[in-house]
Amino acid sequence: MKKFETLNSSVVPLPIENIDTDQIIPARFLKATTRDGFGDNLFRDWRFDGDNQPKPDFVMNDATYAGKILVAGKNFGCGSSREHAAWAIQDYGFDVVISSFFADIFKGNALNNGVLPIQVTEEFLEKIFASTFKNPESKLVVDLEAQTVTIQDTNESFTFEINPYKKSCLINGYDDIDYILSHRAEIEEFEKTRPYSYV
Amino acid sequence: MGKTLVEKIWDAHVVKRQEGFPDILYIDTHLIHEVTSPQAFDGLRKRNLPVFRPNQTVATADHNVPTIDQHLPIKEELSRYQVDMLSKNTSEFGVELYGLGHPYQGIVHVIGPELGITLPGKTMVCGDSHTSTHGAFGAIAFGIGTSQVEQVFATQCLLQQAPKTMKIEINGTLEKGVGAKDIVLYVISKTTAAGGTGYFVEFAGSAIRALSMEGRMTVCNMSIEMGARGGLIAPDQTTFDYVEGREFAPKGEKWEESLAYWKTLYSDEDAEFDAVLEFDAADIQPMITYGTNPGMGIGIAQNIPATESQVESERPSYKKALNYMGFADSESLIGKRVDYVFIGSCTNSRIEDLREVANFVQGKQKAPQVEVWIVPGSKQVEAQAKAEGIDNVLEAAGFILREPGCSACLGMNEDKIPAGKYCVSTSNRNFEGRQGPNARTLLASPLTAAAAAITGKITDVRELLGAEAVV
Ligand code: SF4
C-alpha cells in the first residue's frame with residue numbers, strides 16, 4: 001500500500017446524501033477479477049447516459065471542478081460491501097473522501113486501500129461546499145499527522161478522528177495482514193480452546 | 001454487570017486485545033462467492049501464502065449465474081470467466097465449492113443455514129453485506145470487503161473494533177397479511193438507512209420470538225439496510241429445532257455439548273445496550289418502499305410523505321429520489337401499474353416464502369401484462385418446492401419456478417429490469433439502477449409481491465386475504 005502524505009488539493013463536490021456503492025460502481029462492472037481499471041466506471045450511471053455519452057450536468061464532467069478530494073453528502077458508501085467502490089475511487093485519482101457520515105464497511109474498505117475517509121460535522125461540510133462553489137480552485141489541506149483538514153481560502157480548520165492503528169498503517173503504508181500474521185502463534189494457541197474446534 | 005449476546009460471542013473470539021489497536025477476532029466460518037474473492041486469492045498468490053484454514057471456508061457461485069438452463073455453459077463471457085475462476089481458485093487452494101450443478105449450490109446466505117453450517121455462537125464473515133442473515137441463529141455474522149477476505153484467507157482472523165450494541169424490541173401480534181419483511185421494512189423506515197451505523201443490533205420481543213427461522217433470517221438480512229454492522233437474535237427452541245439433523249450440524253455427543261453452550265447465549269438481564277428502540281407489532285402494516293433507499297418505506301395504505309415534511313437539507317436528495325421513481329409528493333401507491341414482480345434473493349427465497357406465495361396464488365391467475373420471476377434461493381429449496389408440488393401450483397396460476405441464484409436482486413446475470421419499468425421485489429435494495437440501469441424497484445414482502453403479480457397493480461394484500469378462512 002502506498003504511503004499517505006499531506007495533501008493540498010482542490011475538491012470535487014457532490015452534495016448528495018446516501019450515496020450507495022451501487023451508484024459508486026454499478027453491479028454490472030463487478031465482473032473483473034483484478035483490481036485495475038475501475039476508475040473508468042466510477043459513478044458510471046451518473047456520469048454517462050445510455051449511449052455512453054458524458055452527462056454534462058454531472059460534476060465529474062464539468063471541467064470547473066477537479067482534484068484529489070471527493071466531498072459528498074452524509075451516509076456516503078452505504079449499501080453493498082463491494083470493495084470495488086473504494087478501488088474505483090482510488091483508481092480515478094481520489095486520495096481523500098470527506099463526508100459528514102460514512103457507512104461502516106465502506107470506511108474500512110477505503111482505509112484498507114490507502115484512501116482516507118474524513119468525517120466532519122454538517123457545518124464544516126457546508127463550509128467546504130460553500131467555499132468550493134464560490135471558488136472552484138479553493139484548496140483543502142489534509143494533514144494526517146495532525147489530523148486536520150483546513151480550508152485554505154478561509155483558514156478554517158477541522159480536527160478529525162482516526163483510529164491510531166489505522167493512522168500508522170496509512171502513514172507507513174502497512175496493511176492488516178502483516179500485523180495479524182505477526183500474532184500467528186497466538187492464533188494457533190487460541191484455536192485449541194475455541195468453542196467450535198470441531199467444525 | 002452482565003453482558004449482551006454480542007459481547008458474549010465477541011469476547012469468546014478475541015485472540016488478542018491491545019490498547020490502541022482493533023481486536024484480533026477469530027472467524028469460525030468464512031463463506032465466499034465468485035464476485036468478491038478473485039482479487040483476494042490473487043493477493044495470497046502475491047504474498048505466497050496458502051488459505052490458512054481451508055476447511056473453515058465454503059464457496060458457492062450465486063451472483064452471476066443464470067436462472068434458466070443452468071446446465072448449459074454461461075453465455076455471458078465475463079460472468080462465465082468469474083465463475084470459472086472460482087472453480088480454479090478453490091481447487092488450487094483446497095476450498096470446498098458448491099458450484100453450478102452441485103445439489104448444495106445456491107445463494108450463499110441461503111445455503112449456510114440450510115446445511116447446518118450456520119450455528120449459534122459462531123463468528124461468520126463473507127465478502128457480502130447480507131452476511132448479517134446468519135445472525136438469525138445467534139451468530140455474529142457480518143459482511144467484509146475483499147482486502148478483509150484476503151485477511152481471513154491468510155489468518156482466519158480479522159482486525160475489528162468491537163461494535164456498539166443496540167436492542168430493537170418488537171412486542172405484540174402481527175396483523176394477518178403482515179410478516180417478517182414488513183417488520184424489518186417498518187423498522188428501517190423509522191430508523192432511516194443510516195440509523196444503525198456502528199451498531200450490532202439484537203432483535204428481541206414477542207413478535208420476533210414468534211417468527212420462524214426463515215422469518216428471523218429475513219429480519220437479520222436487512223439489518224445492514226439500516227446501516228448496522230449486523231443483526232442477531234438469541235437462539236431458542238425454534239433455532240435448535242431448525243438446526244438439528246442438518247448436514248453439517250453437530251451430531252450425537254457434540255450436539256448435546258453444543259446445545260448446552262447455545263443455551264448460555266442470550267443477553268443478561270442487567271446487560272447494558274448503547275441504544276434501545278421499541279416498537280409495537282400492531283402498528284405495522286404491509287410495507288412498501290417508494291424511494292431509492294430502503295429507509296424510504298410506508299405502510300401500503302399510507303401516502304408518500306411530502307417533500308415539505310423532510311428536513312430542509314435533505315429535500316434535494318428526497319426530490320431526486322421521487323423523480324427517479326416517477327412518483328409525486330403525497331400520492332398513494334395503491335393501484336399503480338406494476339411491470340415486473342421478482343420473488344427471490346437472500347431476503348425472501350426460502351421454502352417458507354415459496355409456500356406462502358403458492359398458498360396465496362392457488363386458484364388465482366397471474367395478470368397477463370406482468371412479467372414474474374420466482375427464483376428459489378438454492379438447489380435444496382428448489383428440490384423441496386418440487387417435492388411439495390409448489391412448482392405445479394405456481395404453473396397453474398401462470399408462473400414458473402426458475403433456478404437458484406441472486407438473479408434480479410442485483411442484475412449481474414441477464415435478469416435485469418428494463419429502464420423506467422416498475423418492479424415489486426422481495427429483495428433488499430431499491431437503489432437507483434440496482435435491478436438494471438434506470439429500473440424502478442419497490443421493496444415488499446412475498447405476499448405483497450404476489451398480490452401485485454395477480455392484480456398487475458400495487459395492492460393491499462389484506463383485501464385479497466379478507467374472504468379466506470383464517471388458519
Ligand atoms: S441475493 Fe442479492 S443481496 Fe443477497 S447475496 Fe445475492 S446479490 Fe447480495
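For the residue classes on this tour, Ala, Val, Leu, Ile, Met, Phe, Trp, Tyr, Cys and Pro are nonpolar, Asp, Glu, Lys and Arg are charged, and the others, Gly among them, are polar. Keep in mind, too, that you are looking at a predicted model.

**Stop 1: the ligand**

Start by selecting the ligand, which sits in the largest cavity. Now show what surrounds it. From chain B you should pick up four cysteines and histidines to begin with, among them His63(B), His109(B), Cys346(B) and Cys406(B). Add Ile107(B), Asp128(B), His130(B) and Ser345(B), then finish the ring with Cys409(B), Leu410(B), Asn428(B) and Arg434(B). Color this shell by class and you get five nonpolar, five polar and two charged residues. Next, color chain B by domain: domain 1 (5-275) and domain 2 (286-464) each give at least three residues to the shell.

**Stop 2: a loop residue in chain B**

Stay in chain B and select Ser407(B). It lies in the loop that runs from helix 14 (390-396) to strand 17 (422-425). Check its backbone: phi is positive, about 55°, although this residue is not a glycine. Is Ser407(B) buried or exposed? Its relative accessible area is 0%, so it counts as buried.

**Stop 3: a covered helix**

Move on to helix 5 of chain B, residues 146-155. Ten of its ten residues are buried. Try showing the side chains: the buried set includes polar and charged names such as Thr146(B), Ser147(B), Gln148(B), Glu150(B) and Gln151(B), along with Val149(B), Val152(B), Phe153(B) and Ala154(B). Step past the end of the helix and you reach Gln156(B), with a positive phi near 60°.

**Stop 4: the largest nonpolar core**

Which residues touch the most other members of the largest nonpolar core? Select Phe43(A) and Phe76(A), which do so in a core of 83 residues. The largest share of this core, seven residues, belongs to helix 15 (residues 446-455) of chain B. Both domain 1 (5-275) and domain 2 (286-464) of chain B supply at least three residues to this core. As a general matter, nonpolar side chains in soluble globular proteins tend to be buried together.

**Stop 5: a loop residue in chain A**

Finish in chain A with Asn75(A), in the loop between strand 2 (69-72) and helix 3 (84-92). Here, too, phi is positive in a residue other than glycine, this time near 65°. With a relative accessible area of 2%, Asn75(A) falls under the 20% cut-off and is therefore buried.

How values were computed:
Residues are numbered from 1 along each chain as its sequence is written. Chains are lettered from A and ligands numbered from 1 in the order in which they are written. This is a predicted model: local features need pLDDT of at least 70, side-chain atom pairs count only at pLDDT 80 or more; totals for chains, interfaces and linings use all residues. Side-chain values use heavy atoms; hydrogens and water are left out. A residue is near a molecule or strand if one of its heavy atoms lies within 4 Å of it. On a 1 Å grid over the protein atoms alone, a cavity is a set of points where a 1.4 Å probe fits but cannot get out, and a pocket is an open set with protein on both sides within 12 Å along at least five of seven lines; lining residues have an atom within 4 Å of a point. A molecule sits in a cavity or pocket if more than half of its atoms lie within 2 Å of its grid points. Domain bounds come from an automatic or database domain assignment. A nonpolar core is a set of buried Ala, Val, Leu, Ile, Met, Phe, Trp, Tyr and Cys residues joined through side-chain atoms within 4.5 Å. Buried means under 20% relative accessible area, exposed over 50%, partly exposed in between (1.4 Å probe, protein chains only). Helices (H or I, at least four residues) and strands (E, at least two) are DSSP runs, numbered from the N terminus.
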